[in-house]
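The following account leads through a protein model, from its overall make-up to individual residues. Please keep the sequence and the coordinates at hand while reading.

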Amino acid sequence: GGGRESSGRPPAAAAAVVAVPWNKDPTVRLAIMNQVGATFITLTGAEITPIWMATSRVNGGLGFTAVDIGAFGSVMGVAILVFAATLFSFLADRFGPVKSVSWALFFLGVIYAFHPLAVVIDGSSRTGTWALVGSFAVARGCMGPVVMGGVSLLLNNSSPRAQLGAVNGFAGTFTNLSRAAAPLCAGALIAAMVHAKRTLAGDGGHDATIGEEVARDFSPTWWPFLSLSVVFLYLSRFAARLPKSLDTPQS
């Protein structure tokens, strides 16, 4: 017979898939941004809490002693130990890592927004303050491991196995920078709160500035926690928009 087959690519070459370099893969970039952002804000919240608790009530804090702060840390630590493995595994298996991380960030945003209520309640009931602070400790101890474990899993799922080392190394550099920046940001937020409480209270003997009017109507105690809450809620929305392909690892 005379006809010859068309001279296309060999079957093996035609079936081969050219892997996209990890540094040009948009999914990998999104996963890295998600991990760095979530790590930064979660650790900023962890750092800001004991500073706020130790700050005097007149300056917007709770005026807790070292023993009080240690008790809070113990409650939160027990919650982390109990739920770090069990809760995240359950949520990831049932809903997938993307949805689990998104909802955990959302709940943390809500929890931090209500932290200053402890100062309001402290004026009338120390027991009520401890009940509220204890519930915050348990809730954060549950949600924190979901976020921290989830963003790491999403990063691993974003990269082909052959490129995983390079992806983790690159992401780790910026994640460590965010870990270093978190205490600085926490200290700056509390310092701004204390400064506002001291300088913007006003004595009524002069026309109030815009800053004084804002501080009188909206207590500076709320400022750092609502700032944290806004970032948590933004990152929750960011995580919710991640590709659902990140729920499963690549081959």
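The paragraphs below treat confidence, overall architecture, two helices, a surface patch and the charged pairs in turn.

This is a predicted model, in which local features need pLDDT of at least 70 and side-chain atom pairs count only at pLDDT 80 or more, while totals for chains, interfaces and linings use all residues. Residues are numbered from 1 along each chain as its sequence is written, and side-chain values use heavy atoms, with hydrogens and water left out. The quantity pLDDT is the predictor's confidence in each residue, on a scale from 0 to 100. Its average over the protein is 86, and 87% of the residues score at least 70. Two segments fall under 50: residues 2-7, for which the model has 0 contacts beyond four places in sequence, and residues 12-17, for which it has 1 such contact. A contact here means heavy atoms within 4.5 Å. Where pLDDT is low, the predicted coordinates should not be read in detail.

The architecture consists of 9 helices and 0 strands. Both kinds of element are DSSP runs numbered from the N terminus, helices being H or I runs of at least four residues and strands E runs of at least two. Of the 251 residues, 41% count as buried; buried denotes under 20% relative accessible area, exposed over 50%, and partly exposed the range in between, with a 1.4 Å probe and protein chains only. Among contacts between residues at least 6 apart in sequence, 81% join residues at least 24 apart. The protein exposes about 13100 Å², of which carbon and sulfur atoms supply 66%. Accessible areas come from the Shrake-Rupley method with a 1.4 Å probe, and for residues only the protein chains shown count as cover.

Helix α4 offers a starting point for the interior. It covers residues 97-113, 17 in number, and reaches 24 Å from its first C-alpha to its last, close to the 24 Å expected at 1.5 Å a residue. The expected span is 1.5 Å times one less than the number of residues in the helix. Helix α4 is mostly covered, with 12 of its 17 residues buried; among them are Val98, Val101, Ala104, Leu105, Leu108 and Ile111. Leu105 has a relative accessible area of 0%. Beyond residues up to four places away in sequence, Leu105 touches Ala38, Val147, Phe232, Leu235, Ser236 and Ala239. Its C-alpha lies 9.7 Å from that of Ile41, although Leu105 and Ile41 are 64 residues apart in sequence.

Several of these partners lead to helix α9, which comprises the 18 residues 223-240. Helix α9 reaches 26 Å between its first and last C-alpha atoms, close to the 26 Å expected. Its buried residues include Phe232, Leu235, Ser236 and Ala239. The buried residues of α9 pack against α2 (26-54), α4 and α7 (164-199).

What lies on the surface? Trp103, Phe106, Phe107, Val110, Phe114, Leu117, Val120 and Leu233 make a nonpolar patch of about 690 Å². The elements giving two or more residues to this patch are α4 and α5 (117-122), and α4 gives the most, with 4 residues. Patches are made of residues with over 30% relative accessible area and no salt bridge; like charges are joined within 9 Å, and nonpolar side chains (Val, Leu, Ile, Met, Phe, Trp, Tyr) within 5 Å. Phe114 sits in the loop between α4 and α5 and is partly exposed, with a relative accessible area of 43%.

The charged pairs complete the picture. Side chains of opposite charge can pair when their charged atoms come close. A salt bridge is a side-chain nitrogen of Lys or Arg within 4 Å of a carboxyl oxygen of Asp or Glu, and the structure holds 2 of them. In one, Arg57 pairs with Asp122, the closest N and O atoms being 2.8 Å apart. Arg57 lies in the loop between α2 and α3 (66-95) and Asp122 in helix α5, so the pair ties together parts that are 65 residues apart in sequence. In the other, Arg126 pairs with Asp122, with closest N and O atoms 2.7 Å apart. Asp122 counts as buried at 10% relative accessibility, whereas Arg57 is partly exposed at 38% and Arg126 is partly exposed at 35%. Salt bridges that share partners join Arg57, Asp122 and Arg126 into one network.
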